[in-house]
Number of protein chains: 2
Amino acid sequence: MMESASVRDVAALAQVSVGTVSNVLNHPEKVSETTVSRVQSAIRELGFIRNDAARQLRAGHSNAIGLVILDVTNPFFTDVARGAQQHAASFGKSVILGSSDEKPDLERSYLDLFEEQRVLGVLLSPVGEVTSRLERLRSRGIPAVLVDRIIPDAVASSVSVDDVAGGRLAVRHLIEQGASRVAFVGGPFGIRQVSDRAAGASTVAQELGVPLEIIATDALSIPEGRRVASELLVREPARRPDAVFAANDLVAIGLLQTFFAAGVAVPRDIAVIGYDDIGFAATAVVPLSSISQPSALIGRTAIDLVLAEAASGDPADRQAIVFQPELVVRDSTA
Amino acid sequence: MMESASVRDVAALAQVSVGTVSNVLNHPEKVSETTVSRVQSAIRELGFIRNDAARQLRAGHSNAIGLVILDVTNPFFTDVARGAQQHAASFGKSVILGSSDEKPDLERSYLDLFEEQRVLGVLLSPVGEVTSRLERLRSRGIPAVLVDRIIPDAVASSVSVDDVAGGRLAVRHLIEQGASRVAFVGGPFGIRQVSDRAAGASTVAQELGVPLEIIATDALSIPEGRRVASELLVREPARRPDAVFAANDLVAIGLLQTFFAAGVAVPRDIAVIGYDDIGFAATAVVPLSSISQPSALIGRTAIDLVLAEAASGDPADRQAIVFQPELVVRDSTA
DNA sequence: GACGGCAGTTGAATCGTTTCATAACCATAG
DNA sequence: CTATGGTTATGAAACGATTCAACTGCCGTC
């Protein structure tokens with residue numbers, strides 16, 4: 001098994017010094033053309049590949065950005081991750097992805113790993129309390145950007161979406177389509193996104209003078225949507241809501257399936273709107289109206305913020321960016 | 001901004017040599033208890049975090065394993081990735097994930113990156129020709145394991161699933177449930193998985209004397225499933241198949257939705273079976289029968305193979321492991 | 001012909017960890 | 001009191017790329 005070549009070997013073959021080889025790799029404009037080509041052919045001949053560990057050691061930091069998301073199985077977060085990854089790649093940086101599965105322990109172990117790797121910066125969709133952790137990253141010179149969560153003290157930049165506005169959008173749309181008895185289905189309310197969406201729903205319902213019923217779920221999943229739908233179907237039709245705002249698309253799809261199987265017409269008998277606009281929303285039994293969040297854009301923006309702070313080292317650059325969600329109307333409410 | 005502490009600083013504070021600090025970190029059994037605790041409190045006090053780049057440089061390789069999959073949006077591959085990631089974590093190794101999106105260029109750039117990082121090994125679900133690339137990795141002492149693809153010459157180990165057997169399982173089940181006119185829906189046939197599944201379906205249909213109709217699609221997606229279903233519904237009922245084997249679950253879900261909306265009863269009028277057993281299969285309008293592949297197990301096995309070869313350095317350890325798929329019966333065929 | 005300036009090149013020092021041959025220490029046996 | 005063995009601790013060398021001050025030619029100027 002042949003040992004891999006180092007800059008030293010390349011230098012020897014090309015009859016130059018190691019410094020020159022390094023310059024060919026990193027500052028080719030400082031080296032004469034003939035030398036460049038001689039070195040490059042030596043590189044090709046030896047199959048030389050730069051050892052990233054040595055480069056990082058000297059540089060003091062890697063060129064990777066750490067990203068911790070709440071849940072890999074949630075399409076919203078995977079879209080954010082993909083957006084971040086692609087945008088980072090265009091700057092020649094890579095993204096290391098970890099999923100905390102909403103467990104503070106896992107979150108901590110990923111942050112430890114990222115510190116060991118001396119990442120350029122961290123994007124974090126946090127569980128629980130992180131202020132002290134952010135302080136520590138900052139003291140190490142590692143900038144952090146919060147994703148989908150705002151922290152009051154400007155201890156870090158953040159990129160988020162206005163979930164209250166999203167809740168307002170959804171319920172206003174249902175009422176404009178003629179709904180007179182609206183229900184919000186979702187939970188647990190400990191999740192900020194859920195409570196914000198409910199809050200938005202509630203205020204707009206009050207403003208427009210329409211009653212809003214709150215139905216709590218244990219999780220934002222398809223089975224929970226089905227369970228709630230079955231419970232609603234037990235009521236006599238006149239006491240059912242005529243429009244439902246589900247806290248995410250998975251719940252909405254569960255509702256749709258059960259209504260559909262029971263012969264309840266969507267949207268004529270009951271209109272349904274979801275949240276997140278995941279890929280499956282458009283291809284559900286009845287194409288599902290939803291509130292769309294600019295997930296890829298969130299990822300890109302977070303990368304921009306973290307790179308800017310890493311480059312300037314200036315905490316004054318911190319910003320809290322809030323995007324606005326958008327209403328996507330499909331058959332389930334039209 | 002405080003500089004981060006090194007082993008040298010820790011050694012000074014704990015009044016020991018750098019070698020001892022390193023031993024506390026890596027071989028604590030060689031160090032006396034009192035020294036261990038003294039060093040550990042120094043580590044805590046300074047907030048010392050080991051610099052991974054320096055460690056790797058010394059070790060000659062990182063403790064990460066590179067994984068290149070064909071498509072991040074395919075649940076089968078993300079399950080493989082998750083299985084690999086979790087299993088690797090139990091050995092203290094991490095997995096770096098890249099998606100080639102079926103483009104040879106992207107595949108190559110990820111392999112280059114992995115070589116720069118001196119990964120411990122590579123798991124690869126290849127696009128196109130890779131033999132020469134595998135040779136090169138081998139000459140660098142980086143073992144590779146192919147995922148979901150077999151290469152005839154034993155140039156690398158491989159882990160795959162027997163798709164022909166899967167096709168046989170699916171169609172035998174349909175016929176045992178009473179089907180007398182079976183259709184296979186899927187494509188493009190350039191994808192080995194598709195052609196293998198069709199081949200298995202075809203042989204078993206022949207053996208049992210049941211006619212098999214092949215209906216080609218452009219992709220393995222929900223919309224293509226809906227398109228085919230609409231075309232079938234144009235035929236008079238007696239000329240429709242009474243059972244359909246879809247090349248994957250997305251196509252099957254598309255079929256189900258359109259049949260359901262048209263009032264065709266599944267499975268009474270037409271039985272439907274899919275392939276992959278993705279999470280959505282169990283929660284479809286009609287819970288979908290499917291052929292399940294042990295995706296997490298594939299990931300775990302690939303990790304085992306690559307670590308074994310990395311540890312022994314012995315190419316004789318190479319193996320080609322083929323798993324058998326399993327039939328999962330749900331309402332759509334029962 | 002002395003000098004400054006410039007482009008190209010050199011090679012030693014550096015980053016932070018791990019390893020390993022060596023040393024120091026202590027206890028027990030002869 | 002010495003020899004033997006075992007346990008701990010030491011510190012210099014090594015890993016491989018990058019940097020930077022110093023150096024070499026070479027040209028043009030006064």
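**A sheet in chain A and DNA strand D**

Modeller: In β3(A), V122(A) is the bridge partner of G66(A).

Biologist: How many bridges join β1 to β3 of chain A, and which way do the strands run?

Modeller: There are 4 bridges between β1 (residues 64-69) and β3 (residues 121-124), and the two run parallel. Strands here are DSSP runs of E with at least two residues, and helices are runs of H or I with at least four, numbered from the N terminus. Two strands pair if DSSP finds at least two bridges between them.

Biologist: What is the strand order of the open sheet in chain A?

Modeller: β2-β1-β3-β4-β5-β11, 6 strands with parallel pairing. β2 (94-99) and β11 (320-323) of chain A each have a single partner strand, so one side of each has no neighbour in the sheet.

Biologist: Is this a predicted model, and what pLDDT do local features need?

Modeller: It is predicted; local features need pLDDT of at least 70 and side-chain atom pairs 80 or more, while totals for chains, interfaces and linings use all residues. Residues are numbered from 1 along each chain as written, chains are lettered from A and ligands numbered from 1 in written order, and side-chain values use heavy atoms, without hydrogens and water.

Biologist: New topic. How many residues surround DNA strand D?

Modeller: 25, with V7(A), R58(A), S17(B), T20(B) and T35(B) the closest. Near means a heavy atom within 4 Å.

Biologist: What does R58(A) approach?

Modeller: A polar side-chain atom of R58(A) is 2.7 Å from a base oxygen of strand D. A polar contact is a pair of N or O atoms within 3.5 Å; within protein, one must be able to donate a hydrogen and the other to accept it, and residues adjacent in sequence count only if both atoms are side-chain atoms.

Biologist: And T35(B), what lies 2.3 Å from its side chain?

Modeller: A phosphate oxygen of DNA strand D lies at that distance from a polar side-chain atom of T35(B).
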